[in-house]
Amino acid sequence: MPADHTILSTVETPRVLLDYDRLVANIRWMQQIADTHGVALRPHIKTHKCLEIARLQMEAGAVGITAAKTEEALKFMADGIRSVTLAHPLVSAVKIDRLLTAARTHGTELRFIVDSMTGIQAMATAARRHQTTLHLFLKIDVGLHRCGVREEDPRLLPLVRRIEEDPSLRFVGLLSHAGHAYGAKDREGVRAVAREECAILNRVRQRLEEAGIRVAEVSVGSTPTAIASDAYEGITEMRPGNYVFLDRMPLGLGLIDRSQIALSVLAMVVSANDEYLIIDAGSKVLSSDLGPHGMQGIEGYGVAYPVADFDSGKNGLTVVRLSEEHGFLRRNGFDLPVGSLVRILPNHACVVANLADHYLVLGKEATPVQWPVVARALVR
Ligand SMILES: Cc1ncc(COP(=O)(O)O)c(C=O)c1O
């Protein structure tokens with residue numbers, strides 16, 4: 001097969017590139033991590049929003065998918081995914097109705113999360129409207145302080161009892177997302193977050209069981225914790241998303257090797273001045289994400305390599321500034337002629353994917369194939 005940089009010289013920029021072999025290796029790797037720890041893998045598809053990638057995850061052994069947006073879930077349900085967890089608190093009757101209607105059409109098992117009486121009430125009302133039983137997780141806040149109930153919150157037990165007492169609802173268990181692991185310093189720091197998450201969930205589970213409530217499932221999930229954790233006692237499922245692509249975030253945490261990153265952005269040097277090389281990928285391609293949840297230590301918006309140096313990692317230039325359609329590479333005495341191609345490792349692959357129409361998949365066929373990002377954006 002011709003070297004990537006020969007193929008890439010014919011590609012119009014900017015393009016989001018996907019290395020097929022790395023993608024498949026990442027999918028197998030995470031499945032192996034889940035299998036080794038005896039937990040189910042339910043990947044979060046908000047990372048790739050792509051049916052072809054979800055099919056590979058299911059073939060490798062995933063038990064279903066996790067989704068955030070209603071619209072996103074609907075696309076994957078229509079493609080035949082039979083089990084979906086909506087890991088975003090739904091309190092809108094319209095959204096719940098659309099999901100339940102689609103679930104009936106496609107025969108999909110749906111699982112929801114709740115963290116408020118309002119959310120539980122919305123689920124109960126919808127369950128009765130659709131004459132069905134809804135399966136609910138209680139979301140536990142293990143330190144991100146986004147959604148969820150803290151272990152010491154006095155509402156915790158009443159919320160679970162409210163679910164238990166309603167014949168149209170079934171309490172499935174506990175679900176958490178330790179996204180604050182991205183704010184850790186290194187692998188040890190991430191591992192400490194994962195251990196704390198596991199400890200909190202086990203304490204909550206014990207309290208509920210002492211109150212006579214069965215906790216069938218305990219679902220955790222983020223890519224850093226999935227890679228670094230050694231604490232799986234009582235955990236039944238994990239929901240990492242980013243691992244299919246990986247990016248500068250897990251790299252910065254010392255969790256992966258650069259050669260594992262499957263997604264990159266091809267751009268062209270379109271202008272130059274004394275200080276910067278200017279490329280045709282700005283915030284509308286790379287996003288202005290500096291890394292989520294208190295992530296530290298990432299400089300700029302990505303690192304750009306001349307295409308021929310991408311594999312070796314030589315001559316990387318930091319994308320130090322962005323405007324909408326331009327990126328600024330600090331030259332640092334380095335020169336690249338206008339018209340040169342660069343390949344960029346982005347900070348956060350999930351947001352880059354959401355801005356693209358397609359992935360250009362390298363290494364699957366002799367010539368690159370296109371996979372649509374079918375669930376991108378979806379803001380009506
Ligand atoms: C609820 C939930 N679960 C799982 C994930 C997956 O995390 P990651 O992208 O780090 O793999 C996310 C990410 O935002 C999430 O919000």
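**Close-up 1. Lysine 49, tucked into a loop of this predicted model.** Lysine 49 is buried, because 24 other C-beta atoms lie within 10 Å and 20 or more is what it takes to count as buried. You'll find lysine 49 in the loop between β2 and α3 (51-60). Its backbone is worth a look too: phi of lysine 49 is near 50 degrees, a positive value in a residue other than glycine. Most residues other than glycine have a negative phi.

**Close-up 2. Leucine 246, another loop residue with a positive phi.** Here we're in the loop between β9 and α10 (248-252), where leucine 246 has its place. Phi of leucine 246 is near 65 degrees, and this residue isn't a glycine either. Is leucine 246 buried or exposed? Leucine 246 counts as buried, because it has 26 C-beta neighbours inside 10 Å.

**Close-up 3. A cis peptide bond between threonine 13 and proline 14.** Most peptide bonds are trans. The one joining threonine 13 and proline 14 is cis, with omega at about -10 degrees. Proline 14 itself sits in the loop between α1 (4-8) and β1 (15-19).

**Close-up 4. The open sheet of eight strands.** Read across the sheet and the order goes β2-β9-β8-β7-β6-β5-β4-β3, with parallel pairing. β2 (40-41) and β3 (65-67) stand at the edges with a single partner strand each, so one side of each has no neighbour in the sheet. Strands of a sheet pair through backbone hydrogen bonds. For one example, zoom in on β8 (residues 217-220) and β9 (residues 237-238), which run parallel and are joined by two bridges. Valine 220 stands opposite methionine 238 in β9. For another, look at β4 and β5, a parallel pair joined by four bridges. In that pair, leucine 86 has phenylalanine 112 of β5 as its bridge partner. Five of the six residues of β5 are buried, so this strand is largely enclosed by the rest of the structure.

**Close-up 5. Helix α5 and its two sides.** Helix α5 (residues 93-106) has 14 residues and reaches 20 Å from its first C-alpha to its last, close to the 20 Å expected at 1.5 Å a residue. Which residues of α5 are buried? They are Ile96, Leu99 and Ala103. These three cover an arc of only 65 degrees around the axis, so they end up on the same side of α5. An α-helix has 3.6 residues a turn, so residues three or four places apart point the same way. Flip to the other side of α5 and you meet exposed residues: Val94, Thr101, Arg104 and Thr105. The buried residues pack against α4 (70-78), β4 (83-86), β5 (109-114) and α6 (117-129). Just after α5 comes glycine 107, with a positive phi of about 70 degrees.

**Close-up 6. Helix α7, with buried and exposed sides.** In α7 (residues 156-165), the buried residues are Leu159, Val160 and Ile163. Their arc around the axis is only 95 degrees, which puts them on the same side of α7. Pro158 and Glu165, on the other side, are exposed. What do the buried residues of α7 pack against? Their neighbours are α6, β6 (134-139), β7 (169-175) and α8 (187-210).

**Close-up 7. The residues around the ligand.** There are 13 residues around the ligand, and His177, Ser222, Thr223, Gly241 and Asn242 come nearest. Sorted by class, this shell has ten polar, two nonpolar and one charged residues.

Note on methods. Residues numbered from 1 in each chain as written. Predicted model: local features only at pLDDT ≥ 70, side-chain atom pairs only at ≥ 80, totals over all residues. Near = placed C-beta within 6 Å. Nonpolar A, V, L, I, M, F, W, Y, C, P; charged D, E, K, R; others polar. Pairing = 2+ DSSP bridges. Expected span 1.5 Å × (residues − 1). Buried ≥ 20, exposed ≤ 12 C-beta atoms within 10 Å, placed from the backbone. Arc of directions from axis to C-beta. Contact = placed C-beta atoms within 7 Å.
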